[in-house]
Amino acid sequence: MEIKENYNLLELNTFGIEVSARYFVEIEKESDLLALFQMSEFKNNPRIFLGGGSNVLFTKDFPGMVILNKVKGIEMVEDFPETVIVRSLGGEQWNDLVLFVVERGYWGIENLSLIPGTVGAAPMQNIGAYGVEIKDTLLNVEAYDMGTGEKRIFTKEECEPGYRESIFKNKLKGKYFIYAISLVLSKKEKKNTTYKVLSEYLEKNNIEVKSPKDISEAVASIRRSKLPDPKVIGNAGSFFKNVFVSDAKLQELKDKYPDIHFFEEEGSIKIPAGWLIEKAGWKGKRLGRVGVHEKQALVLVNYGEATGGEVLELARNIILEVKEKFNLELQPEVNIV
């Protein structure tokens with residue numbers, strides 16, 4: 001394990017922002033992590049952990065330590081008549097875990113195919129897509145207290161999962177390193193095709209769902225058609241969270257915008273942030289080196305050599321105009337550093 005100084009992070013964030021970290025280190029095994037906690041460079045500086053770099057916007061050089069999580073491994077822990085428990089280390093790419101389980105015919109996370117980022121980041125923001133969230137299958141999270149080096153196992157309930165939220169993003173932010181997660185997956189068919197875009201795709205393409213792989217491939221196809229590849233154009237996927245509204249606010253918006261998009265989930269009403277941004281006139285709009293993607297208004301893009309400050313300014317302008325038009329407050333999903 002080697003600590004590097006003034007390390008260029010251009011290749012380690014999907015926005016493609018050229019910034020540097022004062023210190024940089026890669027963690028490849030558990031012993032590296034425990035040794036890291038004892039180092040003065042770690043103890044005495046701000047720090048941030050990176051996995052895929054797909055949910056972060058760097059607005060300036062980072063004055064502390066950036067740690068790249070490369071701790072990998074996936075294993076079957078328990079095999080029951082109707083379920084299995086799969087454990088994955090946090091440095092694995094999330095989609096590699098999805099492919100691992102769908103190839104074996106296990107149900108539960110197939111709707112979460114092709115979400116960028118690492119396994120360790122998944123429970124932190126309770127990733128979700130196409131009617132499914134990781135909390136639906138999460139058994140526990142193994143995490144290290146970065147102050148004491150002690151390992152703790154958090155149950156799903158203790159993780160306090162919410163909409164793109166968890167205890168690791170608020171109460172315990174910056175205090176724990178997520179080392180591994182365990183999921184409970186079903187051997188029996190447990191498909192979820194209720195999400196409108198997914199059900200329409202399956203029907204349009206005459207796809208009969210016989211395995212989780214069928215759903216996984218459908219979701220991947222939908223995502224590829226809507227979301228730009230960060231290797232081609234810098235972006236961090238969905239930049240904003242969807243917005244929760246009351247029944248009264250929804251009715252107010254319906255009266256003014258009869259074509260409004262909304263969906264109900266577990267008793268809550270959500271307005272898609274992409275719909276709000278598009279209605280505010282930002283879809284496909286470009287401001288210099290940054291802009292809003294032409295196919296998906298939720299995605300902010302770097303057309304080349306933009307700074308994080310330019311992306312952040314674009315985001316602030318969108319937030320302001322959505323607030324003025326709808327009196328609703330957009331919140332970034334991306335971690336702004």
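Which residues lie nearest the centre of the second largest pocket? They are Thr14, Pro116, Asp229, Pro230 and Lys231. The structure is a predicted model.

## The second largest pocket

This pocket has a volume of about 880 Å³. Its lining takes in 32 residues. Helix H3 (94–102), helix H5 (212–226) and strand E13 (234–238) are the elements that each give two or more residues to that lining. E13 gives the most, with 4 residues.

What is the make-up of the lining by residue class? There are 13 nonpolar residues, 13 polar residues and 6 charged residues. Among the lining residues nearest the centre are Asp229 and Lys231.

## A four-stranded open sheet

Elsewhere in the report's scope is a sheet. The sheet is open and has 4 strands. The strand order is E1-E2-E5-E3, and the pairing is mixed. Strands of a sheet pair through backbone hydrogen bonds, either parallel or antiparallel.

Which strands form the edges? They are strand E1 (4–8) and strand E3 (47–50). Each of these pairs on one side only. On average, neighbouring strands of this sheet are turned by 40° against each other, with direction ignored.

## The E3–E5 pairing

Edge strand E3 is joined to strand E5 (residues 62–69) by 4 bridges. E3 and E5 run parallel. One residue pair helps to locate this contact in the structure: the bridge partner of Ile48 in E5 is Val66.

Conventions:
Residues are numbered from 1 along each chain as its sequence is written. This is a predicted model: local features need pLDDT of at least 70, side-chain atom pairs count only at pLDDT 80 or more; totals for chains, interfaces and linings use all residues. Side-chain values use heavy atoms; hydrogens and water are left out. On a 1 Å grid over the protein atoms alone, a cavity is a set of points where a 1.4 Å probe fits but cannot get out, and a pocket is an open set with protein on both sides within 12 Å along at least five of seven lines; lining residues have an atom within 4 Å of a point. Grid points are joined across faces, edges and corners, and a volume is the space filled by probe spheres set on the points. Ala, Val, Leu, Ile, Met, Phe, Trp, Tyr, Cys and Pro count as nonpolar, Asp, Glu, Lys and Arg as charged, and the others, Gly among them, as polar. Two strands pair if DSSP finds at least two bridges between them. Axes are lines fitted to C-alpha atoms, for helices over the stretch in contact, and angles run from 0 to 180 degrees between N-to-C directions.
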